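Student: I should like to learn how to read the features of a structure that is new to me. May we proceed one feature at a time?

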Amino acid sequence: MTQRKISPATLTHLLGRWPGRGAAYLNLARGIQQLILDGRLPLAAQLPSERALADALGLSRNTIKASYDVLRDDGFVQVRPGTRGVITLPPTASTPGVPLPPLTHPHLIDFAVAALPAPEGLIHQAFAHALTALPAYLPTHGYTPLGLPALREAVAARYAARGLPTSPDQIVVTFGAQHAFSLIVRTLTRPGDRVLVDQPTYPHALSTLRESACRVIPVALTPEGWDLPGFEAAARQTSPHLAYLIPDFHNPTGHLMPDGVRKQVMRVLRDTRSVIVIDETLAELALDVPPPVPFASHDRQAAVVSIGSMSKSFWGGLRLGWIRAPRDVAERLAAARSAMDLGTPVVEQLASAWLLQDPEQALQPRRDQLRQQRDVLATQLRDHFPEWTFRVPEGGLSLWVTLPQAVGPSVLAQAPRFGLRLTAGERFGQAGVFARQLRLPFARPADELQEGVSRLARLFRGGSAQETRAHTSQSAAHEDV
Ligand SMILES: Cc1ncc(COP(=O)(O)O)c(C=O)c1O
């Protein structure tokens, strides 16, 4: 069974308080339309039958029919004779034509990248130690498809310190988390396989899945986080081959999955025999809560494949990450990688191994800085945009902001003229959804964030593009991460 169905109970729950003011059929249609645009109802899923929804909402069947007719006429539902309406999007709802602006403005404030600059001095020190250690490796050939033993040991020790005993031979070193995920997808899936993902989720993971011709099954997060009944229904209806989740300070929403939910998610995915891939790229950026224990520790028998990275904890420029997996899976991944590359550079691995010996010297100042920057961004947004809503996350790198209306392609296209680089919320989900959302990272210094929000205010209130002030942005990224 692969066709997802929205149950009347789920739709009633998502619609919340009901009915609103005005004609019931129109309110219902607008309510369902907003749920579709906010990514809460998955595209291609079947709506409940008219009769079942009428019973659940206590409305007449004619009202539901009128409502479904409006949705069909507006392009949000497709109806084929004899079948239930299937959720879709009108062609105009999507703004895929808005590319990321280039970095041409001299004082650009980059809200498209959620990554911190390198910690002061520490990366130099790490490379100095790496160069001291290097002579011992020069007599070897230097190819390390699984990774250098010294780094695999350091990564395994970090898992153990975080509450998950790990052996170095469970670790495969990669060029960052994104490379890790593409290696996993390339090795463990085939075209057409169903892959369950959070909605919203990390956009480059979606690109990997599209390129591998996997069928993406999005499961909507609620404003409070994971929706266990929705997750369980989607998993049982579709039996995904693989599930990709970001339980720790989720990108882009910042949610942290509670322990009880982790256990249940694990139980469901074991039942459906899915490969469980957990992206822990942001796990070390706990700002107000104790650091989460690794997901795999909730069920040590389950075959969890975890992804980790130096990028957010230390520096993205290291291009270093890893996979933690059962030994046989780790070996399979390392063997498969030769189609793409033959291992990670030795010096970067040695530098990373040194950094991981005492991670707190980088992490503690980073967390303090991020906490302060997060609070500045939240305060500035509340002052300038009281109508925008967001949750202040307990960790991570960004705020996921909901606007009263769609951001719109013209605002996104105008942003560079105001010295801003913005990522459309739509990049974090299926095309056309999250049109009223923006991910705003708090990865830049406080003064830059303040200036950035003033520019946002001018952009959204139709002010002059000429007033942008100079600031100290050093961003050199050309992609959003
Ligand atoms: C959830 C998530 N996964 C993976 C990545 C990619 O990380 P890396 O730089 O290690 O490739 C990012 C970067 O933003 C991320 O947020």
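Student: Which residues does the UniProt annotation "domain: HTH gntR-type" cover?

Tutor: Let me say at the outset that this is a predicted model. According to the UniProt record, an unreviewed entry, the annotation "domain: HTH gntR-type" covers residues 22–91. In the model, that span is 50% helix and 6% strand, and its end C-alpha atoms are 28 Å apart.

Student: How should I read the surroundings of the ligand, and how many residues surround the ligand?

Tutor: One begins with the shell of residues around the ligand, counting a residue when one of its heavy atoms lies within 4 Å. Here the shell holds 14 residues, and the closest are Ala-177, Asp-279, Ser-309, Ser-311 and Lys-312. By class, the shell consists of 5 nonpolar, 6 polar and 3 charged residues. Helix H7, residues 176–188, makes the greatest contribution, with 3 residues.

Student: Which polar side-chain atoms lie beside oxygen atoms of the ligand?

Tutor: For this, one looks at pairs of N or O atoms within 3.5 Å. Lys-312 has a polar side-chain atom 2.5 Å from a ligand oxygen. For Ser-309 the corresponding distance is 2.6 Å, and for Asn-251 it is 2.8 Å.

Student: How much of the ligand does the protein bury?

Tutor: Here one compares the ligand taken alone with the ligand in place. Alone, the ligand exposes 400 Å², and the protein buries 96% of that area.

Student: How should I read enclosed spaces, and how many cavities of 30 Å³ or more does a search of the whole structure find?

Tutor: A cavity is a space where a 1.4 Å probe fits but cannot get out, with the protein atoms alone considered. The search finds 4 cavities of 30 Å³ or more. The largest has a volume of about 140 Å³. Its lining comprises 16 residues, with Arg-162, Glu-284, Ser-309, Ser-313 and Trp-322 closest to the centre. Helix H6 (149–161) and strand E9 (304–309) are the elements that give two or more residues to this lining. Divided by class, the lining of the largest cavity has 8 nonpolar, 4 polar and 4 charged residues. Ser-309 thus appears in this lining as well as in the ligand shell.

Student: What volume does the second largest cavity have, and which residues line that cavity?

Tutor: The second largest cavity holds about 50 Å³ of space. Among the residues that line it are Ala-114, Phe-249, His-250, Leu-282 and Arg-439. Asn-251 and Lys-312, already met through their polar atoms beside the ligand, also belong to this lining. The classes here are 5 nonpolar, 5 polar and 2 charged.

Student: A pocket, I understand, is an open space. What is the volume of the second largest pocket, and which residues lie nearest its centre?

Tutor: The second largest pocket has a volume of about 460 Å³. Of the 24 residues in its lining, Arg-40, Thr-222, Pro-223, Thr-402 and Gln-437 lie nearest the centre. Helices H1 (8–15) and H2 (24–37) and strand E11 (398–402) each supply at least two lining residues. The largest share, 3 residues, comes from H2. The lining of this pocket is made up of 10 nonpolar, 10 polar and 4 charged residues.

Student: Finally, how should I read the backbone, and where are the peptide bonds cis rather than trans?

Tutor: As a general guide, most peptide bonds are trans, and most residues other than glycine have a negative phi. In this model, a cis peptide bond joins Gln-199 and Pro-200, with omega about 5 degrees. Pro-200 is in the loop between strand E5 (194–199) and helix H8 (203–211). The bond from Asn-251 to Pro-252 is also cis, with omega near 15 degrees. Pro-252 lies in the loop that runs between strand E7 (242–245) and helix H10 (259–271).

Student: Which residue has a positive phi although it is not a glycine?

Tutor: Ser-239 has a positive phi of about 40 degrees. This residue is placed in the loop between helix H9 (228–238) and E7.

Notes
Residues numbered from 1 in each chain as written. Predicted model: local features only at pLDDT ≥ 70, side-chain atom pairs only at ≥ 80, totals over all residues. Heavy atoms only, no water. Polar contact = N/O pair within 3.5 Å; in protein donor to acceptor, adjacent residues only side chain to side chain. Areas by Shrake-Rupley, 256 points an atom, 1.4 Å probe, with all protein chains shown as cover. Helix = DSSP H or I, 4+ residues; strand = E, 2+ residues; numbered from the N terminus. Nonpolar A, V, L, I, M, F, W, Y, C, P; charged D, E, K, R; others polar. 1 Å grid on protein atoms, 1.4 Å probe; cavity = no way out; pocket = protein on both sides within 12 Å on 5 of 7 lines; lining within 4 Å. Points joined across faces, edges and corners; volume = space filled by probe spheres on them. UniProt positions renumbered as here; feature names shortened; annotations may be inferred.
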